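Please examine the sequence and the three-dimensional model shown here before reading the notes below.

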Amino acid sequence: MSSVAQQPWIHAPASQRSNSTTSRRARTARTARTARTAPAFGLEDVMAQGIEAIARMNASLPRPAPTVFESVVESPISLAGYLKRLCKYTACSTNVLTCTLMYVDRLVVRRKIMLHTRNLHRVVLACLVAAIKYSDDHFCSNAYYARVGGVSLRELNRLEVALLSMLDFDLYVDEEHFKLYRAEVFRTAMQLDHRTEAMPRRRHEPEPEHQCAS
């Protein structure tokens with residue numbers, strides 16, 4: 001986790017990020033080191049548990065007026081399963097997942113959005129796409145992200161605009177806050193990993209070739 005302090009590019013404005021081959025290779029190497037030390041219990045599971053816990057606390061409260069993030073029916077896919085699908089087909093890093101969680105938190109704390117079972121997936125999708133675009137030098141089209149997320153391109157565009165408006169178009173992530181969030185997510189994942197280490201592990205499927213569809 002000490003590698004976090006060596007990644008100031010995550011928090012720099014897009015105009016200040018380096019596009020050089022050297023910097024990209026350095027970031028790839030750091031991501032690989034992080035992957036080797038990541039707990040077996042997926043970070044997607046930790047994020048899903050935290051977000052769903054908030055939704056459960058809100059279940060007994062009266063819901064405010066529907067927002068653009070609300071779906072007509074509840075998703076048949078669990079939030080953890082949805083996050084794993086998004087991560088699988090976007091090849092996002094743990095840094096992107098951390099930024100995603102921070103954006104979700106901002107929506108809840110700053111704008112008083114009430115998370116519930118009908119808006120969790122769309123909130124996470126919009127925040128993940130924003131985090132990818134903020135953190136990565138190269139990213140796919142919204143058409144591709146829409147297919148991965150199971151929504152139309154028009155709907156994803158609406159979600160993205162709504163998210164940016166609610167965040168006052170400020171996606172900046174303070175380094176110290178980023179380190180705190182990331183450390184907490186990893187700490188929780190490691191705790192859960194220790195609790196389940198006696199259980200048989202599922203074999204990991206080979207990663208599909210990552211391609212950005214146009």
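The following briefing covers one helix, a residue in the loop after that helix, and the cysteines. The model is predicted, and the statements below should be read on that basis.

**Helix H5**

- Helix H5 comprises 16 residues, from 120 to 135.
- At 1.5 Å a residue, helix H5 should span 22 Å, and its end C-alpha atoms are indeed 22 Å apart, so the expected and modelled values agree.
- Of the 16 residues of H5, 15 are buried, and the helix is therefore largely enclosed by the rest of the structure.

**Phe 139 and its surroundings**

- Phe 139 is located in the loop that joins H5 to helix H6, the latter covering residues 142-149.
- The relative accessibility of Phe 139 is 43%, which means that this residue counts as partly exposed, a class that lies between the limits of 20% and 50%.
- Leaving aside residues up to four places away in sequence, Phe 139 is in contact with Ile 132, Lys 133 and Tyr 145.
- Phe 139 and Ala 91 are separated by 48 residues in sequence, while their C-alpha atoms lie 10.0 Å apart in space.

**Cysteines**

- The number of disulfides in the model is zero.
- Cys 92 takes part in no disulfide: the nearest cysteine sulfur belongs to Cys 87 and is 3.4 Å away, whereas a disulfide requires the two sulfur atoms to be within 2.5 Å.
- Cys 92 has a relative accessible area of 15% and is buried, because the cut-off for burial is under 20%.
- Cys 99 is likewise buried, with a relative accessible area of 0%.

Terms used
Residues are numbered from 1 along each chain as its sequence is written. This is a predicted model: local features need pLDDT of at least 70, side-chain atom pairs count only at pLDDT 80 or more; totals for chains, interfaces and linings use all residues. Side-chain values use heavy atoms; hydrogens and water are left out. Helices (H or I, at least four residues) and strands (E, at least two) are DSSP runs, numbered from the N terminus. The expected span of a helix is 1.5 Å times one less than its number of residues. Buried means under 20% relative accessible area, exposed over 50%, partly exposed in between (1.4 Å probe, protein chains only). Contact means heavy atoms within 4.5 Å.
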